[in-house]
Amino acid sequence: MEFEKNNKKLRHSLFEISEIFYRFSWGNVEHTKFLRNYGTGESYSAIEIHLLIRIAQNPGISVTDLAQRNGRTKGAVSQIITKLELKELIRREKRQENAHFVSLYATPKGLEVSKAFQQHQEQLIGPIVDDLVALIGADNADKFYDFLDHYNNVVYPGIVAQIQDELKGKK
């Protein structure tokens, strides 16, 4: 089996690797629970700020597209969109071709918060990137980022789908 052959080249067992993934994931999950101020005087949750960024980067995006890109249900995204709208970070516009569909846009305040968050993240991630490059080199760091991107876009959605299928089978 190809998997077993490649596995023998690694220093860590598959279980150890799964534990490293778990600790990495858990650390990222834990920090998302807190409201944070990114230098604008107001505090936002991680999901609020990340959805705002997606809207700012994709003017006119729909709730459905936003939900799909973030691995969330339309209902969950709609609730967060309402919070962002109440905070005057985004606005909804009914689409001319079909009034049942809305397009989402960042307001000037939303663009300001989005920019402040991006600057905050660059300051935060800079030393982490420096450490990683010092540890494994720039080429390998780029490969690591490619892996994370692949994991987020291909592997993780597959895992979620598999769990959802398993849950459906138990009902």
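Where does S62 sit? S62 is placed in the loop between α3 (46-57) and α4 (63-70). This is a predicted model. The structure holds four salt bridges. A nonpolar patch on the surface includes F21 and F144.

**S62 and its loop**

- S62 is buried, at a relative accessible area of 10%.
- Leaving aside residues up to four places away in sequence, S62 touches R95, V102 and L104.

**Helix α3**

- The 12 residues of α3 should span 16 Å at 1.5 Å a residue.
- The end C-alpha atoms of α3 are 16 Å apart, which agrees with that expected span.
- Buried residues in α3 include the nonpolar-to-charged mix of A46, E48, I49 and L51.
- L52, I53, I55 and A56 are also buried in α3.

**Salt bridge K87 to E48**

- Side chains of opposite charge can pair when their charged atoms come close.
- K87 forms a salt bridge with E48, and their closest N and O atoms are 3.1 Å apart.
- K87 lies in the loop between α5 (74-86) and β3 (90-95), while E48 lies in helix α3, so the pair ties together parts that are 39 residues apart in sequence.
- E48 is buried, with a relative accessible area of 4%.
- K87 is partly exposed, with a relative accessible area of 24%.

**Further salt bridges**

- E85 and R92 meet through their side chains in a salt bridge, at 2.7 Å from N to O.
- E85 is partly exposed, at a relative accessible area of 32%.
- R92 counts as partly exposed, at 30% relative accessibility.
- R91 forms a salt bridge with E93, with the closest N and O atoms 2.2 Å apart.
- R91 counts as partly exposed, at 36% relative accessibility.
- E93 is partly exposed as well, with a relative accessible area of 35%.

**Nonpolar surface patch**

- F21, L135, I136, F144 and F147 form a nonpolar patch on the surface.
- Together these residues have about 430 Å² of accessible area.
- Two elements, α6 (108-136) and α7 (138-170), give two or more residues to the nonpolar patch.
- I136, one of the patch residues, lies in helix α6.
- I136 counts as partly exposed, at 32% relative accessibility.
- Patch residues need over 30% relative accessible area, so I136 passes that cut-off at 32%.

Terms used. Residues numbered from 1 in each chain as written. Predicted model: local features only at pLDDT ≥ 70, side-chain atom pairs only at ≥ 80, totals over all residues. Heavy atoms only, no water. Patch = residues over 30% accessible without salt bridge, like charges linked within 9 Å, V, L, I, M, F, W, Y side chains within 5 Å. Areas by Shrake-Rupley, 256 points an atom, 1.4 Å probe, with all protein chains shown as cover. Helix = DSSP H or I, 4+ residues; strand = E, 2+ residues; numbered from the N terminus. Buried < 20%, exposed > 50% of the residue type's maximum accessible area, 1.4 Å probe, protein only. Contact = heavy atoms within 4.5 Å. Expected span 1.5 Å × (residues − 1).
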